[in-house]
Amino acid sequence: MYLHGTSKINAKGHLEIGGCDTVELKEQYGTPLYIMDEALIRQRAREYMDAFRQSGLSYQVAYASKAFCTMAMCRLVEEEGMSLDVVSEGELYTALKAGFPAERIHFHGNNKTPAEIQMAISARIGCFVADNFDELHLLNALAAENGVKVNILLRVTPGVEAHTHEYISTGQTDSKFGFDIGNGTAYEAVKTSIALPHLQLLGLHSHIGSQIFEVEGFQVAAERVSGFAVKVKRELDFVFKVINLGGGFGIRYTKEDTPLHASVYVKAITDAVKRNFSGVYDQLPEVWIEPGRSIVGDAGTTLYTVGSSKDIPGVRKYISVDGGMTDNPRPALYDSKYEAMLANRGREAATETVSIAGKCCESGDMLIWDLELPPAKTGDLLAVASTGAYNYSMASNYNRIPRPAVVFVNEGESALVVKRESLNDLIANDVIPQRVGKQHSLKG
Ligand SMILES: *Cc1c(COP(=O)(O)O)cnc(C)c1O
């Protein structure tokens, strides 16, 4: 397994993260356990911030909180000077309760409810990323009711789809998100936004995909967005203050993944904006980006305890752990690949090929197929790397399995940031209506 950030094998042969021995973390917090390498999260944040500082442009780096949203994380994001993207009232509530400055919050989503918009207006968030015409009118109406003007970016689809190692240039983009540039919808949305008196149109937003390892997709998106901005300036004499090119920067899950340094993406994006707007705009627009996965992904490790195993001679050996698709649905959802190691036997040679099964009642609840490991025994600890993004945030209570705890580790200290759910938490919202079970008690 690749050792990210501060991860290393210590003198006892145990995996250590942030100076904390994972065997001791298991004793203190139990398993499954999400372990977040705080220093690595901060390092990733600083890589983006530093790269933008060098560009000389005005900028915001907004952490896409959907990747991993907890109050402690919001605080860390604030400390690092980043902004924050939210997509629901739950994420917004988390950020506000953590004391995150509202003016640095951006609200995304293709179906924001009136209640969510009202909550965000009351909190005076920085901007909405408006997705469709219904939303433009709803935003305008609610802003009017509140006697305010709200800042918006328009989410546009530039006709670029980026996949891991390629980008596809599409004419008409078939997407539930945003206003299409190619078919003129985005142009109509600009005119509508300018005309609606309670909207303040700040700029344009585009997000082309995720787990992207090349800069070309971002460059083409920047070109199309700026080409559109030039047309808007020429025809409507309107200038955008902000160009937001979204997130999607790739991380390393396995050795097949070859992420670029944050500074490479940022330079490609800022150079493209400089190139495309120089001589057209008197003042270059602010550039915003929205990394999620690449801030937290490789900083996360999930620790499991090995339970039963099943050896089917000549076929496969299954090793089961005390979690699975409830704490990491990505392999089942996307066929995502992960690397893992025995955290308590870090120096032993891998002599077996095994497959790691979760404990849910689904054949599809498999975490890793064909993993090289030392012969694993009941009670060993399995560490799965790069689980910091879209694991905790996508966790469920399927099979009524409580969600694991989350700890931040740093310089030999661990701190709980999310408590392990208890069995009582699982039934806390359950209600038994009077009429249910009545017959039984009458008979009794
Ligand atoms: C999901 C998302 C992001 C973050 O994507 P990552 O792949 O986690 O970097 C950024 N912007 C928007 C609009 C998104 O939907």
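**Exercise 1. Packing of helix 4**

Task: In this predicted model, find which elements the buried residues of helix 4 pack against.

Solution:
- Start with the helix. Helix 4 spans residues 89–97, and Glu91, Leu92, Thr94 and Ala95 are buried in it.
- Check how they are arranged. These residues cover an arc of only 160 degrees around the axis, so they sit on the same side of helix 4.
- Now list the partners. The buried residues pack against helix 3 (71–79) and helix 5 (114–123). They also pack against strand 6 (83–86) and strand 7 (105–107).

**Exercise 2. The two ends of helix 4**

Task: Which residue caps the N-terminal end of helix 4, and which residue just after the helix takes a positive phi?

Solution:
- Take the N-terminal end. Ser88 is the cap. A side-chain oxygen of Ser88 lies 3.3 Å from the backbone nitrogen of Gly90.
- Move past the helix. Gly99 has a positive phi of about 80 degrees.

**Exercise 3. A sheet of 3 strands**

Task: Work out the order of the 3 strands in the open sheet, and say why strand 1 and strand 3 each have one side without a neighbour.

Solution:
- Read the order. The strands run 1-2-3, with antiparallel pairing.
- Look at the edges. Strand 1 (8–9) and strand 3 (20–21) each have a single partner strand, so one side of each lacks a neighbour in the sheet.
- Inspect one pairing. Strand 1 and strand 2 (residues 15–17) are joined by 2 bridges. Lys8 has Glu16 of strand 2 as its bridge partner.
- Recall the general rule. Strands of a sheet pair through backbone hydrogen bonds.

**Exercise 4. Two domains and their interface**

Task: Describe how domain 1 and domain 2 divide the chain and what area is buried between them.

Solution:
- Set the bounds. Domain 1 covers 8–37 + 297–427, and domain 2 covers 38–294.
- Place the centres. The C-alpha centres of the domains lie 33 Å apart.
- Count the contacts. In domain 1, 21 residues are in contact with 19 residues of domain 2.
- Turn to area. About 1,900 Å² is buried between the domains, and carbon and sulfur atoms give 58% of it.
- Name the main contributors. Asp298, Tyr390 and Phe408 of domain 1 lose the most area to domain 2, together 31% of what that side buries.

**Exercise 5. Around Glu352**

Task: Which side chain makes a polar contact with the side chain of Glu352?

Solution:
- Locate the residue. Glu352 lies in strand 19 (residues 352–357).
- Find the polar partner. The side chain of Lys317 makes the contact, at 3.2 Å.
- Widen the view. Leaving out residues up to four places away in sequence, Glu352 touches Lys317, Leu371, Glu372, Leu373, Pro375 and Ala376.

Technical notes
Residues numbered from 1 in each chain as written. Predicted model: local features only at pLDDT ≥ 70, side-chain atom pairs only at ≥ 80, totals over all residues. Heavy atoms only, no water. Pairing = 2+ DSSP bridges. Helix = DSSP H or I, 4+ residues; strand = E, 2+ residues; numbered from the N terminus. Buried < 20%, exposed > 50% of the residue type's maximum accessible area, 1.4 Å probe, protein only. Arc of directions from axis to C-beta. Contact = heavy atoms within 4.5 Å. Polar contact = N/O pair within 3.5 Å; in protein donor to acceptor, adjacent residues only side chain to side chain. Domains from an automatic or database assignment. Buried area = accessible area lost by both parts, 1.4 Å probe.
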